[in-house]
Amino acid sequence: MELKRIAAIHDLSGFGKCSLTVALPILSSAGIETSVIPTAVLSTHTGGFTGFTYKDLTEDIMAIADHWNTLEIVFDGIYTGFLGSFEQVHLIENVIEKLKMNKTLVVIDPVMADNGELYAIFSKEFPKEMKRLCQKADLLIPNLTEASLLVDEPFMQEGTYKPEDIERLLQRLATLCQGNVVLTGVSFETGRIGAAIYDKRSAETQYAFTQKIDGYYHGTGDVFASTVTAGIFNGFTLLRATQIAVDFTAAAIARSKTAGTDVRFGVNFEQEIPSLLKALKLV
């Protein structure tokens, strides 16, 4: 297969598996050349840790993109995750304009909220700015909380919604972007959880489920979105790529739960990579 190249734009936490420390190994192991624009460097991620260091790299973002342009690098994909400020959101809009070619697929994970709450570092105006960035997405991958904020609707807790509610939400999300939507954290029955996939062209909704594992683990959204992206760039349909991501994420969570790993540390996706490569038919 032709070597695919993706620009991954996320923060970098030295410890605690999320953002670039998840995206880079997953995409690279899946045979995708992954270039990175780090938006910030932290000693750890911010979920549950205190006293972490934080180095903002906002001033470097456009300089990196401009340098890449002088090299005439062609990217098959651009994949964005956590962005820490209004300024960074605006800059990434410009970066996408600079780097995107006709064949470039833009994947946006609008990382800003979970469990019904906007992350504490963001003001109430942040979802409006993220909505602007979502307009550039060929594939949008929000969780239920982020989806509700993007469409300005009340958060739907698990057990309070039906398939028709999810399908209506997906249709609204699809109006915010240029392409398809994968909505994470969807569950219609006890013990099962997964994602809903909306194909904008056919207006069809499909689902990918797996066994639910109790507990909350940091970085699983990044594991999931990176794996969906890996599946797509290895030629799989969006439905199949999503099912692979659901299964891989659940397996990584299960490993961590069995080992009793501190939930702040992230999930053990590394030792599940052989199963991912098998699912992607790379081994």
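Colleague: By class, how many nonpolar, polar and charged residues does the lining of the largest cavity have?

Modeller: This is a predicted model, in which local features need pLDDT of at least 70 and side-chain atom pairs count only at pLDDT 80 or more, whereas totals for chains, interfaces and linings use all residues. Residues are numbered from 1 along each chain as its sequence is written, and side-chain values use heavy atoms, without hydrogens and water. The largest cavity (points on a 1 Å grid where a 1.4 Å probe fits but cannot get out; lining residues have an atom within 4 Å of a point) is lined by Leu144, Ser148, Glu153, Pro154, Met156 and Leu169. With Leu, Pro and Met counted as nonpolar, Glu as charged and Ser as polar, the lining has four nonpolar, one polar and one charged residues.

Colleague: What volume does the largest cavity have?

Modeller: The search of the whole structure finds one cavity of 30 Å³ or more. Taken as the space filled by probe spheres set on the points, the volume of the largest cavity is about 40 Å³.

Colleague: Is the pair of Phe122 and Phe126 stacked or edge-to-face?

Modeller: The whole structure holds twelve aromatic pairs (ring centres within 6.5 Å; planes under 30 degrees apart are stacked, over 60 edge-to-face, the rest tilted). The ring centres of Phe122 and Phe126 lie 3.9 Å apart and their planes at 10°, so the pair is stacked.

Colleague: How many residues apart are Phe188 and Tyr207?

Modeller: Their ring centres are 5.4 Å apart and their planes at 80°, so the pair is edge-to-face. Phe188 lies in strand E9 (residues 180-189) and Tyr207 in strand E11 (residues 204-211), strands being DSSP runs (E) of at least two residues. The pair thus links distant parts of the chain, 19 residues apart.

Note on methods: On a 1 Å grid over the protein atoms alone, a cavity is a set of points where a 1.4 Å probe fits but cannot get out, and a pocket is an open set with protein on both sides within 12 Å along at least five of seven lines; lining residues have an atom within 4 Å of a point. Rings of Phe, Tyr and Trp (its six-membered ring) pair if their centres lie within 6.5 Å; planes under 30 degrees apart count as stacked, over 60 as edge-to-face and the rest as tilted. Helices (H or I, at least four residues) and strands (E, at least two) are DSSP runs, numbered from the N terminus.
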